[in-house]
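Let's take a friendly walk through a few local features of this protein, with the structure open beside the text. A pocket, two helix pairs and one peptide bond are the topics.

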Amino acid sequence: MRIGLLGTGPWADMAHAPALRRHEGVDFVGVWGRRAEAAEELADRHGTRAYEDVDALLADVEAVAVALPPAVQAELAVRAARAGCHLLLDKPLAATVPQGRAVVEAARAAGVASVVFFTARFQPETEAWITEQAAGDGWFTARAQWLGSVFADDSPFAHSPWRREKGALWDVGPHALSVLLPVLGDARRVAAAVPGPGDTVHLVLDHTGGASSTLTLSLTAPPAAAGATVELRGRAGVTLLPEAAEGPVPAVLRAADALLSSASGGHRHACDAAFGLRVTEILAEAEALLSERR
């Protein structure tokens, strides 16, 4: 499958481009970015071609991988779907529910496959754990903490405008939800949303499976406090989400595998754009509650 990359930022450089270059099932045709100079530099580093015109790239490929801010991603994903391109998207799917819904509708109308790259869902240890816990029942409650120090000077995302604007809720919130929802069921409602220090937020979710969960999300935690934990408690006892042994590149490779499989077989992946939209809806509901409290 011929694939192009939209985006030239740190995540495109450290995760998407290396994976697309290595994947034996795709031909990494080229890259487009909002800054032509950055596209040229990334293309040179990863042995591909820079495109100045995004529509020219869309015309040359069968699929696109997107590593752009959510609002920009949503707009270009709609454009790519209408051009007949399968979609390997990043989380969050979009910055608003209407934007996310437009992506889902465009993909459905065009008959293209979509996969949203929720990192934990494409790492073997964590995906196996999620599958195992989802097969059980009797979960009573869950606790998820996703804490980062993203704005530290040595972070590649320290100067990310959309992360500073949208905060932890929209950046790491999707990771936590991608783990909790398949195990506990959809969130019937966001029962509470409270701001904490910095961009920290605390959420309480009521799930269709009968359990409740609490989420603590931050991009401004002290470096010594950073890390991710998911704990489930129920009739089977207590279990913790295992740590992943690999970095992001192998996970992107698996996400590309999933897109190829979905595109060739016509079946939807569990982390498709529709799931990405549901995550966006929950984030928007929490954001509205937080706005009321502030």
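The second largest pocket has a lining of 17 residues, and those nearest its centre are Val112, Ala113, Ser114, Arg268 and Asp272. Please keep in mind that this is a predicted model. The volume of the second largest pocket is about 260 Å³.

Where does the lining of the second largest pocket come from? At least two residues each are supplied by helix H5 (97-110), helix H9 (248-265) and helix H10 (273-293). H5 gives the largest share of this lining, with three residues. As for chemical character, the lining of the second largest pocket has seven nonpolar, seven polar and three charged residues.

H5 also helps to place another feature, a cis peptide bond. The bond that runs from Lys91 to Pro92 is cis, and its omega is near -10°. If you would like to find Pro92 on screen, look in the loop between strand S5 (86-90) and H5.

Now to the helix pairs. In general, a pair of packed helices is described by two values, the angle between the axes and the distance between them. Here are those values for two pairs:

| Helix pair | Axes come within | Crossing angle |
|---|---|---|
| H7 (residues 161-171) and H10 | 10 Å | roughly 120° |
| H6 (residues 124-135) and H8 (residues 173-184) | 8 Å | roughly 25° |

Take H7 and H10 to begin with. Their axes cross at roughly 120°, so H7 is oblique to H10. The crossing of this pair is right-handed. On the H7 side, the contact is made by Lys166, Leu169 and Trp170, while H10 brings Thr280, Leu283, Ala284, Ala286, Glu287 and Leu290. Sorted by class, the contact of H7 with H10 has six nonpolar residues, one polar and two charged. H10 is therefore worth a second look on your screen, as this helix makes a contact with H7 and also supplies at least two residues to the lining of the second largest pocket.The other pair is H6 and H8. With a crossing angle of roughly 25°, H6 is roughly parallel to H8. Which residues make the contact of H6 with H8? From H6 come Trp129, Ile130, Gln133 and Ala134, and from H8 come Ser178, Val179, Pro182 and Val183. The contact of H6 with H8 holds six nonpolar and two polar residues, and no charged ones.

Terms used
Residues are numbered from 1 along each chain as its sequence is written. This is a predicted model: local features need pLDDT of at least 70, side-chain atom pairs count only at pLDDT 80 or more; totals for chains, interfaces and linings use all residues. Side-chain values use heavy atoms; hydrogens and water are left out. On a 1 Å grid over the protein atoms alone, a cavity is a set of points where a 1.4 Å probe fits but cannot get out, and a pocket is an open set with protein on both sides within 12 Å along at least five of seven lines; lining residues have an atom within 4 Å of a point. Grid points are joined across faces, edges and corners, and a volume is the space filled by probe spheres set on the points. Helices (H or I, at least four residues) and strands (E, at least two) are DSSP runs, numbered from the N terminus. Ala, Val, Leu, Ile, Met, Phe, Trp, Tyr, Cys and Pro count as nonpolar, Asp, Glu, Lys and Arg as charged, and the others, Gly among them, as polar. Axes are lines fitted to C-alpha atoms, for helices over the stretch in contact, and angles run from 0 to 180 degrees between N-to-C directions. Angles under 35 degrees count as roughly parallel, over 145 as roughly antiparallel, 65 to 115 as roughly perpendicular and the rest as oblique. A crossing is left-handed if the near helix is turned anticlockwise from the far one by less than a right angle, and right-handed if clockwise. Contact means heavy atoms within 4.5 Å.
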